[in-house]
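Q: Could you walk me through one helix in this structure, slowly and in plain words? I'd like to see how it sits among its neighbours, and then how the two chains meet.

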Amino acid sequence: MLQVQNLTLEIEGNRILDDIDLNLDRKKLYVITGPNGSGKSSLAKAIMGMYKPTAGSIIFEDQDITDFNITERANLKIGYAFQQPPRFKGITVEELLELSAKNEGQKDIEICDLLLDVGLCAQDYLHRQVDGSLSGGELKRIELATVLARRLKLAIFDEPEAGIDLWSFQKLAETFDMIHEKYDTTIVIISHQERILKLADEVIVMREGTIAEHTTQDKFLSKIARDADCRCRQGCEKGALYDEVECYR
Amino acid sequence: MKLNVIDRQILDKVADLHSVPQGAYNIRRDGEALGRHSTANIDIVPKKDKPGIDIFIKPYTKGESVHIPVILSKAGMEDTVYNTFHIGEGSDVYIVAGCGIHNPGNRRSQHDGIHDFYVGKGAKVKYVERHYGQGEGTGERILNPTTYIEVEEGGVVELEMVQIRGVDDTKRNTKVKLHKDAKLIVTERLLTDREQEAHSIIDVELIGEDSSAQIISRSVAKDNSKQVFNLNLIGLNRCRGHIQCDSIIMDNAHVSSIPEITARHSDAQLVHEAAIGKIASEQILKLETLGFTEEQAEEIILEGFLK
């Protein structure tokens, strides 16, 4: 359903994404992982239209959307959950979620259920403003709910686990699993978390702006297990520096 | 009382009224009383020495409302009005003022509303003042409200002052004296565009022990408009005060935010916060990812901010 072809992105002379080719199928759950700075978020943002690629194209459901702006892509039912969501003074959680569902033609969204899915008690949050009074974790969960409120064909989540406590994280993993089961949405999650990786149909490993590996969950997790056994994890720099060392931290 | 289309439009904008209000009211149009109604507990009496009315609210009047909207619908109208509110001890009332100018011509229309409030012991007042201008003429629409409020022991006053569109020039002067345990909450919302100018001065004296004041001002300045805020708290006793002044600036607008706090008592706790900035690009991006255009996103952000 989505083809990324020879995608290159340069920002101020730095090559952030380097000739990326990627095919995503309908209803599959993909996890993109890799070290910080490897281009994971940039790839997600390029798919959403937040970065304009220097070269290459993006095809969504047989339509070339390379020149489409963010709004046009959103209306094709592509969505993106921000890693660091913005705050909105004066807008309540309820209003933001209603705005999120507005362009979907959904009349009665179950706002309470949405909040519950991201581990928040609806009663406590509906009328709170999405401003500085919310903690980073609370804001992050509301951000996820704004994406869950839409019935998307392609939903991209940028490090959903960041800022979320372990208890809620379990709930979140279940929510991803539920969407994956229930809807036809293709899900892309940028994550470092093993629990999220376990949900994946396929794992995409990025390194230095390229896709280093596109593999199945089983194959990837078996390598992670080896990594966990490594007794030299603390303070190890080799994994990050030398390509010949296969290390996925 | 007969209301025409323009009257209805303006009443809707400034007082959320679609017809003659319930309870006590006084509707003033083009310098004359269009309709007036007193109730058993709220008496509205015209002043004898100058234009305006006295509003007497009996002690312990609860859950009643007073609407005193002003409509200016002719070009070249200059109207000054003096209204005095005597709010009885222990009462709990809702007062909606507000002025709408429809200026169809090229001469200026101006309304200066001078309001005095005497709020009795333990009384609670919510006062809403909305200002609005419309009309196809080039004549300026000017509104200069002056509000004096004195709050006796334990009284609570909530002021909501809103000016969203169409007023070319406004100078708003609000002075408040708070006695023992009195509490003030001010919410100010202001939007200016084109060449409009707005100046808001709020001076609050915290005179009595344990009095408190909170001023939350939010504004949006677009195009070539100019805004100045002088928000001033003076603590003369053990008291608490907080000023929060937040502005979104766009285009070529100018905004000056000058909060001032003065303490003349060592147990006065006063805080001011002021911020001016443009709409964060991340906010626009987020709303675009939900399917809104850039213009729609901007509208949503401003509407929420000024709500």
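A: Let's start with a length check on H6(A): its 13 residues, at 1.5 Å a residue, should span 18 Å, and the end C-alpha atoms are 19 Å apart, which agrees. That expected span is 1.5 Å times one less than the number of residues in the helix. Helices here are DSSP runs of H or I with at least four residues, strands are runs of E with at least two, and both are numbered from the N terminus.

Some ground rules before we go on. This is a predicted model, where local features need pLDDT of at least 70, side-chain atom pairs count only at pLDDT 80 or more, and totals for chains, interfaces and linings use all residues. Residues are numbered from 1 along each chain as its sequence is written, while chains are lettered from A and ligands numbered from 1 in the order in which they are written.

Now, how hidden is our helix? Eleven of the 13 residues of H6(A) are buried, so the helix is largely enclosed by the rest of the structure. Buried means that 20 or more other C-beta atoms lie within 10 Å of a residue's own; 12 or fewer makes it exposed, in between is partly exposed, and the C-beta atoms are placed from the backbone. The buried set in H6(A) includes A:Glu138, A:Lys140, A:Arg141 and A:Glu143, along with A:Leu139 and A:Ile142. For the whole of chain A, buried residues make up 39% of the 249 residues.

What does the covering? Among the elements over the buried residues of H6(A) are strand S6 (78-81), helix H4 (111-117), strand S9 (154-158) and helix H7 (166-182) of chain A, and H3 belongs there too.

H3 deserves a closer look. The axes of H3 (residues 93-102) and H6 (residues 136-148) of chain A come within 8 Å and cross at roughly 30 degrees. An axis is a line fitted to C-alpha atoms, for helices over the stretch in contact, and the angle runs from 0 to 180 degrees between N-to-C directions. H3(A) and H6(A) are therefore roughly parallel to each other; that label goes to angles under 35 degrees, with over 145 counted as roughly antiparallel, 65 to 115 as roughly perpendicular and the rest as oblique. On the H3(A) side the contact uses A:Val93, A:Leu96, A:Leu97 and A:Ser100, and on the H6(A) side A:Ile142, A:Ala145 and A:Thr146. (Two residues are in contact if their C-beta atoms, placed from the backbone, lie within 7 Å.) Sorted by class, that contact has five nonpolar residues, two polar and no charged. Here Ala, Val, Leu, Ile, Met, Phe, Trp, Tyr, Cys and Pro count as nonpolar, Asp, Glu, Lys and Arg as charged, and the others, Gly among them, as polar.

Step back along the chain and you reach the loop between S8 and H6 of chain A, where A:Gly132 is found. With 9 C-beta neighbours inside 10 Å, A:Gly132 counts as exposed. Its C-alpha atom is 8.6 Å from that of A:Phe88, 44 residues apart along the chain. In fact, 66% of the chain A contacts with a separation of 6 or more join residues 24 or more positions apart.

On to where the chains meet. Here 19 residues of chain A are in contact with 16 residues of chain B. Helix H2 (281-289) and helix H3 (294-305) of chain B each supply at least two residues of chain B's side, and H2(B) gives the largest share, six residues. That side of chain B has seven nonpolar, five polar and four charged residues.

So what do the buried residues of H2(B) pack against? Their partners are helix H1 (40-48), helix H2 (70-75), S6 and strand S7 (88-92) of chain A, together with H3 of chain B. The buried residues themselves are B:Gln283, B:Ile284, B:Lys286, B:Leu287, B:Glu288 and B:Thr289. Notice that S6 of chain A turned up earlier as part of the cover over H6(A).

Within chain B, H2(B) and H3(B) pack at an angle of about 115 degrees, with their axes 9 Å apart. B:Gln283, B:Ile284, B:Leu287 and B:Glu288 from H2(B) meet a group in H3(B) that includes B:Ala297 and B:Ile301. This contact divides into five nonpolar, one polar and three charged residues. Finally, just after H2(B), B:Gly291 takes a positive phi of about 100 degrees.
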